[in-house]
Amino acid sequence: MAKVSVIIPVYNAERYLAECLDSITGQTLKDIEIICISDGSTDRSYDILQKYQEQDSRILLIWRENRGYGYTMNEGIARASGEYIGIVEADDYAALNMYEELYQKAKEYDLDFVKADFYRFKRAQSGSMELACNHLSPDPSDYNKVFNPGENPETLRYIMNTWSGIYKRSFLEKYHIQHNETPGASFQDNGFWFQTFIYGKRGMIVDQPYYRNRRDNPDSSVKSKEKVYCINAEYDYIRGILLKDPALWERFRHMYWFKKYHNYMGTLWRIDEKYREEYLMRFSEELKRGIALGDLVREPFSCNAWNNIRSITEDPKKYYLTRVYPAGMNQKVFEQMQALETENRKLKEEIASIRRSKTFRLGKILLFLPGRLKRMLRRRKR
Amino acid sequence: MMDRPKVSVIVPVYNAQSHLRQCLDSIMGQTLREIEILCVDDGSTDGSAQILEEYKGCDPRLHVIMQENIGAGAARNRGLAEASGEYLSFLDADDFFEPDMLECAYERAVSGNAQIVVFRSDQYHTEEGVFRDMPWTLRSHALAPYRPMDCRTFTDNVFKVFVGWAWDKLFEREFVLKHGLGFQEQRTSNDLLFVFLAIVLAERIETEERVLAHQRRGTSSSLSNTRDKSWQCFYEALKALRENLIRLGRYQELEQDYINYALHFSLWNLDTLQGEKKKELRRMLKKHWFRELGIAGKREDYFYNKKEYRQYWEIVRGRLPRIISKCSRGIVD
C-alpha cells in the first residue's frame with residue numbers, strides 16, 4: 001500500500017500541467033501513487049500526461065469524457081489505494097517535501113487529516129512571482145496540536161481548502177465522505193471540506209506552507225448565468241448532509257451560516273455585474289429564512305459582517321444601490337445619494353429624540369383619553 | 001391499444017350536474033391528447049351519472065368508475081389505483097381549465113424531470129362573473145432561481161409556498177407510488193396530507209407562472225361551503241401530517257414550519273366556519289387540539305405571524321384587555 005495517493009483532476013490545463021507533475025513526481029516521499037484523471041479535456045493535456053506516465057510507473061492515467069469535478073474526485077478517491085489521500089489541482093503545484101512531512105505528522109499523531117498553511121501566487125508576464133503566505137488560522141496557538149473538529153464547530157473558521165492537506169483513506173470511507181456530483185467545477189470542494197470537519201475526530205493544522213495555489217489563471221472566473229447559483233446548490237447539499245443527523249445540524253448550523261455567508265459574499269463580487277442584483281435578492285431571502293429559523297445568529301459574525309446581513313435583509317434593493325451597484329455608477333449621483341442618506345438618518349434621529357422627550361410623553365399621556373373618546377365616537381357614527 | 005398516457009386525469013364526481021359538462025368539455029378539449037380521464041362517481045344522486053354515461057360514449061379516453069358515497073378522498077385513491085399515466089392530475093368537477101393546461105404543465109414536468117409541477121390558478125366568482133387572482137397559491141418570492149428545487153430551497157414556510165390542494169399540481173405517478181402516497185378518506189381536507197408529503201419528499205419541483213386553472217367559487221354544492229358536517233377533518237389532516245413527518249424523520253427539521261402552518265390553518269378553519277359548530281371547534285382547539293398539534297407552549301418568537309399568535313392567545317385566554325394579556329404573556333414567556 002502506497003503511503004499517499006495524490007489525486008490530480010485535470011481539465012484543460014496544458015499550460016500548467018508540467019510544473020504541477022514535476023512537483024509531484026519529484027516528491028521526497030517516494031512511496032506514493034499519482035492518479036491523474038482528465039475530465040473531458042480538449043487540449044493537449046493528454047500528450048503531457050502520457051509523456052510523464054511513460055517515465056513514471058507510479059502514475060495512473062484515466063482519460064474520459066466530462067463528468068464534473070465532484071464525480072472526478074470521487075472516482076479518484078475510489079481508485080486510490082494509499083493510506084492517505086492528497087489533492088492537487090492541475091494548475092497548482094506543491095513543495096517537494098510536502099507529502100513526506102505531512103505523512104510523518106499524520107502517522108505520528110494518528111490523524112484523520114492534517115492541513116498546512118499555503119501560498120497563493122501570481123506570475124507576471126516578465127516571469128517574476130508574487131507569493132503570499134496564507135494562514136489557516138490567525139491564532140498561532142491553534143497550530144501543531146491535535147484537535148477534534150467534530151466537537152468544536154469554531155474550527156470551521158479555519159480557511160477552507162481541500163488541497164493543502166492529506167486525509168486518511170479509511171476515515172473518508174468510514175463516513176462515506178464524497179464530493180457532490182454536480183456538473184462542471186461548482187464549489188464541490190466546500191462539501192468535502194465540511195464533511196472532513198464535521199466527522200473528523202483527530203485533525204491538525206501545521207504552520208509550514210507547502211502548497212502553491214495559482215491566482216493568475218484567467219479561466220477561473222464566473223461568467224455564465226448557470227454558474228451564478230452553484231454555490232447555493234452546494235450549500236443546499238451541505239445542509240442536506242448535516243440534517244441527516246439532527247444533533248449534527250444543531251451543533252453546526254450557526255457555523256454553517258457563517259461559512260455560507262462569506263462564500264455568498266465572495267460570489268456576489270465574483271459574478272458578472274449584470275447578475276448581481278438578482279443574486280442579492282435571493283441572498284436576502286435566504287438570510288431572512290435563516291434568521292426566522294434561528295439558524296443564522298449574530299454570535300459568529302464580526303460587526304461589519306453582521307451589519308451587512310442586517311442591511312441585506314432589511315432592504316436588499318437599497319444595499320444593492322448603495323453598496324454593490326456604485327462599482328459602475330456615476331460618482332456624482334452616488335455622492336448625492338450618500339448625502340441624502342446621511343440627512344435621512346439625522347432626521348430620523350431627531351424624530352426619535354423628540355419622541356423620547358418629556359414634553360412629548362406628557363402630551364401623549366394627556367391626549368390619551370380624549371383620543372380614545374374621539375375614536376369611539378367616530379366608530380359609533382359609522 | 002393506446003400507448004401509456006402522458007397524464008391521467010382523476011375527477012371525483014359527486015352531485016355535480018350543473019358544472020360537470022363544462023368540466024368534462026374542458027378536459028376532453030385539452031390540447032394534450034394522450035391522456036386518460038378517470039371519473040369516479042362517488043354515489044351521486046343527481047343527474048351526474050347520466051352525463052358521465054353520455055360522455056363515455058363519445059370519447060374512449062374517458063373511464064367511469066362507480067362507487068357508493070364514501071367521499072372524495074376514497075374516490076381519488078380509487079382513481080389513483082386505476083391510473084396508468086406518466087403524470088397524475090387531480091381535478092374537481094366544478095372547476096374549469098385553460099385548454100392547454102395539461103400540455104403546458106406536462107412540458108414543464110418533462111423538461112425539468114420534475115416529480116411535482118405547480119401552476120398558477122385563479123378564482124372565478126360565479127355570481128359576479130369575475131376572476132380574482134390567488135397570489136398565495138404560488139409564492140414566487142420564496143422559490144429558488146436555480147435547479148434542482150426541493151422544499152429545502154424554499155425561503156418561506158414550506159407549507160405555505162403552495163396550497164395543500166391537489167388540483168393545481170401535476171404529480172409523477174412513479175414518485176407517488178414509490179412513497180406510497182394516498183389521500184385521506186374523509187369528507188374535506190383529504191388532499192392536504194398527500195400534497196404536503198409530496199412537497200416534502202420531492203427532489204425536483206417545477207412551477208409555471210401562467211394561470212392555467214380556474215376555481216369556481218360561490219356554488220352551493222361546493223364541499224367547502226358545507227363544512228359544518230366535517231369541521232374536524234382539518235384536524236385529522238394536520239395530525240396525520242405530523243405523524244408522517246415524524247415517521248419520515250423530517251419532523252425536527254420542519255417543526256417550526258409545521259406548527260406555524262397548523263396554527264394558521266386552524267385559525268382559517270375557525271374564521272370561515274359558520275353556525276353552531278364554530279363554538280364547538282373553538283372549544284376543541286382550546287381544550288385539546290392546540291396542545292396535540294404542538295402549538296401550545298411555544299414562545300412568541302417561534303411564530304412568524306404575530307397576529308396569528310395573538311389570535312391563538314385570545315382563544316386560549318379569552319378576550320382580556322390588551323394590557324393584561326400582554327402582561328400574562330410576558331409571565332408565561
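Helices here are DSSP runs of H or I that are at least four residues long, numbered from the N terminus. One such run in this predicted model is helix α13 of chain A, which spans residues 331-356 and holds Q338(A). Q338(A) is partly exposed, its relative accessible area being 37%. Back along the chain by 16 residues sits T322(A), and the C-alpha atoms of Q338(A) and T322(A) are 7.8 Å apart.

Stepping back to chain A as a whole, the tally is 14 helices and nine strands. Chain A isn't a neat ball: its radius of gyration is 27 Å, where a compact globule of 382 residues would come in near 21 Å. Put in a box along the principal axes, the C-alpha atoms take up roughly 95 × 45 × 40 Å. Even so, 49% of the 382 residues in chain A are buried. Among the contacts in chain A with a separation of 6 or more, 79% link residues 24 or more positions apart. As for the outside, chain A exposes about 19900 Å², with carbon and sulfur atoms supplying 51% of that area. On the charge side, chain A carries 62 positive and 53 negative side chains, and there is a 14 Å gap between the centres of the two sets.

Helix α3 of chain A (residues 69-79) is a good place to look at burial, with eight of its 11 residues buried. The buried set starts with Y69(A) and G70(A), picks up again at T72(A), M73(A) and N74(A), and carries on through E75(A), G76(A) and I77(A). What do the buried residues of α3(A) pack against? Their partners in chain A include four strands, β1 (4-10), β2 (32-39), β3 (59-64) and β4 (84-87), along with the helices α5 (169-174) and α6 (188-199).

Next comes the meeting of the two chains. The size of an interface is often quoted as the accessible area lost when the parts come together. For chain B and chain A, that buried area is about 1300 Å², and carbon and sulfur atoms give 51% of it. Y146(B), R152(B) and T155(B) do a good share of the work, supplying 46% of the area that chain B buries against chain A, more than any other three residues. Counted by residue, 18 from chain B touch 15 from chain A.

On the chain A side, D236(A) sits in helix α8 (residues 230-243). Setting aside neighbours within four places in sequence, D236(A) is in contact with Y256(A) and, across in chain B, with Y146(B) and T153(B). D236(A) counts as buried because its relative accessible area is 14%, below the 20% cut-off.

A few backbone oddities round things off. Most residues other than glycine have a negative phi, and most peptide bonds are trans. In chain B, though, R147(B) and P148(B) are joined by a cis peptide bond, with omega at about 0°. P148(B) belongs to the loop between β7 (130-133) and β8 (169-172) of chain B. H176(A) isn't a glycine, yet has a positive phi of about 50°; this residue lies in the loop between α5 and α6 of chain A. S189(B), also not a glycine, has a positive phi of about 50° too, and sits in the loop between α5 (173-178) and α6 (192-201) of chain B. Are these two loop residues buried or exposed? H176(A) is exposed, at 64% relative accessible area, whereas S189(B) is buried, at 17%.

Terms used: Residues numbered from 1 in each chain as written. Chains lettered and ligands numbered in written order. Predicted model: local features only at pLDDT ≥ 70, side-chain atom pairs only at ≥ 80, totals over all residues. Heavy atoms only, no water. Helix = DSSP H or I, 4+ residues; strand = E, 2+ residues; numbered from the N terminus. Rg over C-alpha atoms; globule rule 2.2 N^0.38 Å. Buried < 20%, exposed > 50% of the residue type's maximum accessible area, 1.4 Å probe, protein only. Contact = heavy atoms within 4.5 Å. Areas by Shrake-Rupley, 256 points an atom, 1.4 Å probe, with all protein chains shown as cover. Lys, Arg positive; Asp, Glu negative; His and termini not counted. Charge placed at Lys NZ, Arg CZ, Asp CG, Glu CD. Buried area = accessible area lost by both parts, 1.4 Å probe.
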